[in-house]
Amino acid sequence: MAQQEDVFKKIVSHCKEYGFVFPSSDIYDGLGAVYDYGQNGVELKNNIKQYWWQSMVLLHENIVGIDAAIFMHPTTWKASGHVDAFNDPLIDNRDSKKRYRADVLIEEQLAKYEDKIQKEIEKAKKKFGDAFDEAQFRATNPRVLENQEKFDALHKRYQEVMNAEGGIDLEGMKQIILDEGIVCPISGTRNWTDVRQFNLMFKTEMGSTADGASTIYLRPETAQGIFVNYLNVQKTGRMKLPFGIAQIGKAFRNEIVARQFIFRMREFEQMEMQFFIKPGTELDWFAKWKETRMKWHQNLGFGAENYRFHDHDKLAHYANAATDIEFHMPFGFKEVEGIHSRTNFDLSQHAKYSGKKIEYFDPDTNESYTPYVIETSIGVDRMFLSIMCHSYEEQQLPDGQTRTVLHLPAALAPVKLAVFPLTKKDGMPEKAQEIINDLRFHFNCKYEEKDQIGKRYRRMDAIGCPFCVTVDQQTLEDNTVTLRDRDTMEQRRVAISDLRGIIEDKVSITSLLKNLL
Ligand code: ATP
């Protein structure tokens, strides 16, 4: 595990060193869980978005895109439940100035009692061997009984405060933390503030305060921009069910525990598609979208063993089926995408709060109903991170040297072709530039003339450039160049006129999309 953590640290610094991801406002020492994408990062990110967008909008006749504003009418968030239901109880330690989720502190205390019991059991198991009777031991051992009693009492109090009438009993929560003697893991003190409700949404004001500004929120998910446009798109696009609306855009969450680089950010980007369907067909569509989305991921060639579904046991109040697609990151299998069967919850809520009729008239059955929705929701940044983690390799070469290489899928690589003149003389730079001028309309090319060829190759390996071409003396005579492959490092002589044919297909998003059909 320690080794895996090391690898992760290296990936983070690689991202910075090679212009993929910088801490936000770096010259001011960064801003917590906010990041900027650099010159190579933005290209990779755009390619990921293009791969997703085209797989949705280009490959499905019944899916169209929109681009809704980040600011939305404040009632949107009342209707969606984000204003009231998505509140976490928080408590601060005055000495360490650290903030914690109060419910998590109590759950950790419960886990401590369970651990103590488990330890006693393990000890006794070793001592008594085969003769050990766990049930009897649990019922009679004084230390187990004492801890079980503490666990039960705490559990009962915890349930009471969480399910109090009118919402969580915040004072009761603080009292539990004090009574249990829970200390801050950093300062070790019990100097706690009161427990307060905390909403993950960022608030701001629209208009000047003098003329009655209204509180609005930065959207915590892009989905609601799709729901409130359902009628607009359905009517103007004359869409028939089933149909989908796709959107890529920024979302903002004031995450409390921001960590693991771009895995959990406060400003991030989502790619969401809401698929509107006839009620009763949702489980079939849910299964279909699970399959479609998994295929999209696995199409990148990272190996099926690195993905898994994690079906939810505990469903959000609006969902009747939900799963995550998890990817094997250096810190374990982690959610990259969520697929949710959201019933007609969102459209019904918006109908209720807006007073508008949000329904679909089904010409086949002559009935009107509120469509059900299957949602696929993926984070661009998490996708970016999973690609980086899988592509990064410190490779031992046969000659004893090492190279750092990003085995990015060629279609996603920021730069597709680097062109080097062997020397800066004899018209080689001009010839190299000529090749670029010809190919730059078809894919992203880069010119490099500094340092020895070997060093230039290494720089291109480090940003995942799949092809490098070197212009040498022979080029000037016969219009051939050496073409070097990033992964195999093999070099072969090819005619300049063949370059486009060899490279274009391999580096285009189209080649990825064709495998999806
Ligand atoms: P988590 O459980 O990790 O907080 P979530 O279940 O709240 O995620 P969703 O609301 O389902 O996430 O959002 C869909 C996708 O958006 C996630 O699968 C993830 O890829 C991305 N995402 C959510 N929160 C963040 C964040 N803070 N930073 C980066 N990406 C995020």
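These legends go with a few close-up views of a predicted model.

Residues are numbered from 1 along each chain as its sequence is written, and side-chain values use heavy atoms, with hydrogens and water left out. Because this is a predicted model, local features need pLDDT of at least 70 and side-chain atom pairs count only at pLDDT 80 or more, while totals for chains, interfaces and linings use all residues.

**View 1. Who surrounds the ligand?** The shell has 15 residues, and Arg253, Arg264, Met265, Glu335 and Val336 come nearest (near means a heavy atom within 4 Å). Sort the shell by type and you get four nonpolar, five polar and six charged residues (here Gly counts as polar). Strand β13 (332–341) chips in, as do β10 (267–277) and β16 (372–379), each with at least two residues; the largest share, five residues, is from β13. Strands are DSSP runs of E, at least two residues, and helices are runs of H or I, at least four.

**View 2. Oxygen atoms of the ligand meet polar atoms of the protein**. A polar backbone atom of Val336 sits 2.7 Å from a ligand oxygen (a polar contact pairs N or O atoms within 3.5 Å). For the side chain of Arg382, an N or O atom is 3.0 Å from a ligand oxygen. The protein buries 81% of the 590 Å² that the ligand exposes when taken alone (Shrake-Rupley method, 1.4 Å probe).

**View 3. The two faces of helix α6**. Val144, Asn147, Phe151, Leu154, Tyr158 and Val161 are buried (under 20% relative accessible area; exposed is over 50%, with a 1.4 Å probe and protein chains only). They share one side of α6 because they cover an arc of only 125° around the axis, taken from the directions from the axis to the C-beta atoms. Pro142, Glu149 and Lys156 are exposed on the face turned away.

Conventions
A polar contact is a pair of N or O atoms within 3.5 Å; within protein, one must be able to donate a hydrogen and the other to accept it, and residues adjacent in sequence count only if both atoms are side-chain atoms.
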